[in-house]
Amino acid sequence: MDFLISGQHISPFYLITIGFVIGVLGGFFGVGGSFLAGPALFAVGVPMNFVVGTDLAHIVGKSIVAAKKHRALGNVDLKLGLIMVVGTIAGVEAGAQGIELLKHLGPASVDKVIGVTFVVVLVSVSAFVAWESWQTIKMQRERAREAELSGIGIRKLEAKEDESALDHIARRIHRINLPPTISLPVSGIERVSLWAILLVAFVGGSFSGFLGGGAGYIRMPSMVYLLGVPTHVAVGTDLFEVVISASYGTLTHAIKGNVDIMIALVMHTGAAIGAQIGATSTEYFRGPKIRLAFVPLPLIGAAIVIYGLLSGKHLK
């Protein structure tokens, strides 16, 4: 039996399955999963403004489950997460207001502008993370080879197993002396400007409010590459932060009439289970490999959106 949601007949099994898959991915990569949830809803005919608002509603419950698991694993920097909430909420409202402006131009404009923006962002993020992750893995292999040849062994390398080929960018940002500066012991950061954290959070929040979801596909890589947060901690902290920011995003979009709560509740049924599986799985992978495994996922989402934009057809 299908549900009549947002004017479309949608199978509850489809929504539960999508929720479960996104739950696993969200728990593993520290993202809301909007790079798949949004395209998956758009693919069955849900209007883009409902896709954005409803996706935010769905990820709140899933992120609570995943963040709780990561907290137990020691992967959540509460201090960093609470600071980022401030910038993210401001960004979410800015993104939501952008959608309100587009709605005055008509549904077709909303779908087209958000869809094209979604594709550009997802492909760009995927390409960048792929390049960086592969460079980091190559760098680690070369160092391990040199250590083996010199008789040092590889144990001394274990402390740097979560490094990035772009660590120098974070180090430069840490040297920016723009008060106030703070320390983040859980993330291993001695000093960083508060404004750098807020800027990263605001940008991620803007994408969240405009494209839906928690925008972890922007914020998680930004925490790693720009702030120098270890991947495992970035995953857990982003999920913690998403709980608060997505709750605000859901509220502001609900007021604007962009949320279908039935979709969110049905998807959460599968997402709650998948989130715990994904969070537990991060314990078995190193940082660069987690980032590399993330690469194909935004591309899948982009492909679904492109299909819908070019064909004008929806999956049934």
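**Figure 1. E241 and R219 pair up in a salt bridge.** In this predicted model, the closest N and O atoms of E241 and R219 sit 3.2 Å apart. E241 belongs to helix 9 and R219 to helix 8, so their pairing ties together parts that are 22 residues apart in sequence. Both ends are tucked away: E241 is buried, and so is R219.

**Figure 2. R219 also forms a salt bridge with D238.** Here the closest N and O atoms are 2.5 Å apart. The pair links distant parts of the chain, with R219 in helix 8 (residues 216–225) and D238 in helix 9, 19 residues apart. D238 is buried, just as R219 is. Put these views together and you get a network of salt bridges linking R219, D238 and E241.

**Figure 3. K256 meets E93 in a salt bridge.** For this pair, the closest N and O atoms are 3.7 Å apart. K256 sits in the loop between helix 9 (231–255) and helix 10 (261–281), while E93 is part of helix 4 (residues 78–103), so the bridge ties together parts 163 residues apart in sequence. K256 has a relative accessibility of 18%, so K256 counts as buried, the cut-off being under 20%.

**Figure 4. Stepping back, the protein has 12 helices and 4 strands.** The structure holds 3 salt bridges. Of its 316 residues, 53% count as buried. Among contacts with a separation of 6 or more, 80% are between residues 24 or more positions apart. As for the outside, the accessible surface comes to about 13,700 Å², and 67% of that belongs to carbon and sulfur atoms.

Technical notes
Residues are numbered from 1 along each chain as its sequence is written. This is a predicted model: local features need pLDDT of at least 70, side-chain atom pairs count only at pLDDT 80 or more; totals for chains, interfaces and linings use all residues. Side-chain values use heavy atoms; hydrogens and water are left out. Helices (H or I, at least four residues) and strands (E, at least two) are DSSP runs, numbered from the N terminus. Buried means under 20% relative accessible area, exposed over 50%, partly exposed in between (1.4 Å probe, protein chains only). Contact means heavy atoms within 4.5 Å. Accessible areas come from the Shrake-Rupley method with a 1.4 Å probe; for residues, only the protein chains shown count as cover. A salt bridge is a side-chain nitrogen of Lys or Arg within 4 Å of a carboxyl oxygen of Asp or Glu.
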